Amino acid sequence: MGRLLYFFPENDIALGHFNNGFTAPAAAERLRLSGEALPLWYGASDNRVLMSGINARWYDRMASDFGITADIFSFDMDGLIPEPWGWSPVVRHIYAEQGMDLSLMPDDSTLTRIRTLSSRATSSAIAECLAAQLPFIQSTSPAEINNAALLPAYMKETGECVLKQPWSSSGRGVIDSVGMDISTFERHAAGIIRHQGYVIVERLLPRKEDFALLFRQENGRCSYRGLSLFETDRRHSYTGNIVARQEILRNMLNEYLTDSEINRLTTTLENILTQTIGNAYTGPLGIDLMVLDTEGERHIAMSEMNMRNSMGHLCMSLGERFLAPGKKAMFRIEPSVSGQPSGKYHAEGQQLVDGILDLVPDRFYRFSITTQS
């Protein structure tokens, strides 16, 4: 059966609110509206994309130059099953409004399970399980607290630490204690506890590089799909992805992990995720990890699980399907500038060879990949 795809990047925030009437923050809504055509780049020929409309000239050019085959949804649900960016009550409501059969979507108990699994508390538990099984994985010493007054005692044991909202996305909702007095840090923790019930606190590790392992959960089992190398800023927010064929990305990661260690890591995570998630969820997911800068010693730590689609999955599709072999590019999301010209690129054989490719028609944000020399 074909899939009905839907870009909903604010899904983790929606899980925190957990109701049909969730209203996204203005910036998140602009991001969704700007990027609603992104599923065209990872959809197959029998897939449709749920969106408000498309620039026909842009779509025809992309179909001609790059051979995208997914199409725009046209109110015919026959033969389609839902696969959104992520599941939440509001996403189920959106699909239902379009006519999708409720029996094809998660029921209330399953959505509640998805919410629990998508929290950073579950991520912390997976991280500790992983660290216990692999000697090159370092623990972040996570704690789940519902009283900000407990922070000083935790920090006395660990030193600088980081607060994580249970539900947020793309590194947002992550606050570290560097350069912050303890009273301000406690106020941040209290605010998170007030809105989401508790906060995850972990010791701050010396982050050097970021990467992710990409999986798919299907029929109760998890299978490894590929690798993602990405960048974050000082505030831990996502800033972009390296786009390339998997063999290039793997060679880059080999600076820190051998092929044998990567294979052990992926196999161990397949087993942990299969046991943790089971049949509660079907779709793409990813595990974010970081290479630590520990004065010559090599260590890896797990950051979090994203039980949803991600820019990493998108960039994996771009690198494998639409970028010429041997090439590398950089994926970025940037605010659109009034009058900004569209990217110029050179494509051969329906693959990008050189230049800047705008992945969506211009709106509030620009999603693009730029080839590197």
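**Figure 1. F73 and F75, two rings with contrasting surroundings.** In this predicted model, F73 is buried, and its relative accessible area is 9%. F75, on the other hand, counts as exposed, with a relative accessibility of 68%. Together F73 and F75 make an aromatic pair of the tilted kind, with 5.7 Å from centre to centre and 55° between the planes. This pair belongs to a set of 13 aromatic pairs in the structure.

**Figure 2. F215 and Y224, an edge-to-face pair.** How are the rings of F215 and Y224 set against each other? Their planes stand at 65° and their centres are 5.7 Å apart, so the pair is edge-to-face, since planes over 60 degrees apart are classed that way. F215 is buried, at 0% relative accessibility, while Y224 is partly exposed, with a relative accessible area of 24%. If you enjoy aromatic residues, look as well for the cluster formed by Y6, F8, W87 and Y95.

**Figure 3. S223 in strand β10.** Here we zoom in on S223, which sits in β10, the strand covering residues 221-232. S223 is partly exposed, at 28% relative accessibility. Which residues does S223 contact, leaving aside its neighbours within four places in sequence? They are L214, F215, R216 and E270; F215 is the buried ring of the previous view. T267 is 44 residues away from S223 in sequence, yet the two C-alpha atoms are 8.6 Å apart in space.

**Figure 4. Helix α3 and its two faces.** Helix α3 spans residues 56-66, and W58, Y59, M62 and F66 are its buried residues. Why do these residues line one face of the helix? Viewed down the axis of α3, they fall within an arc of 100°, so they share one face. On the face turned away from that buried side you will find the exposed residues R57, D60 and S64. The packing partners of the buried residues are β3, α11 (311-322), β15 (345-348) and β16 (351-358).

**Figure 5. The two ends of α3.** At the start of the helix, N55 offers a side-chain oxygen that comes to within 3.0 Å of the backbone nitrogen of R57. Just after the helix comes G67, whose phi is positive, at about 70°.

**Figure 6. W41 in the largest nonpolar core.** The largest nonpolar core has 97 residues, and W41, F211, L265, L273 and F331 are the ones that touch the most other members. Which residues does W41 touch, not counting those up to four places away in sequence? The list runs W58, M62, F66, I68, L314, S317, L318, R321, F322, L357 and L359. Three names may look familiar from the helix view: W58, M62 and F66 are buried residues of α3. Another core, of 13 residues, lies apart from the largest one and includes I145, A148, C161 and V199. As a general background, nonpolar side chains tend to be buried together in soluble globular proteins.

**Figure 7. A four-stranded open sheet.** In what order do the four strands of this open sheet lie? The order is β3-β2-β1-β4, and the pairing is parallel. β3 (71-72) and β4 (80-84) are the edge strands, each pairing on one side only. Strand β1, residues 2-6, joins β4 through five bridges in the parallel sense. To find your way along this pairing, start from R3, whose bridge partner in β4 is I81.

Note on methods: Residues are numbered from 1 along each chain as its sequence is written. This is a predicted model: local features need pLDDT of at least 70, side-chain atom pairs count only at pLDDT 80 or more; totals for chains, interfaces and linings use all residues. Side-chain values use heavy atoms; hydrogens and water are left out. A nonpolar core is a set of buried Ala, Val, Leu, Ile, Met, Phe, Trp, Tyr and Cys residues joined through side-chain atoms within 4.5 Å. Buried means under 20% relative accessible area, exposed over 50%, partly exposed in between (1.4 Å probe, protein chains only). Contact means heavy atoms within 4.5 Å. Two strands pair if DSSP finds at least two bridges between them. The arc is that of the directions from the helix axis to the C-beta atoms. A polar contact is a pair of N or O atoms within 3.5 Å; within protein, one must be able to donate a hydrogen and the other to accept it, and residues adjacent in sequence count only if both atoms are side-chain atoms. Rings of Phe, Tyr and Trp (its six-membered ring) pair if their centres lie within 6.5 Å; planes under 30 degrees apart count as stacked, over 60 as edge-to-face and the rest as tilted.
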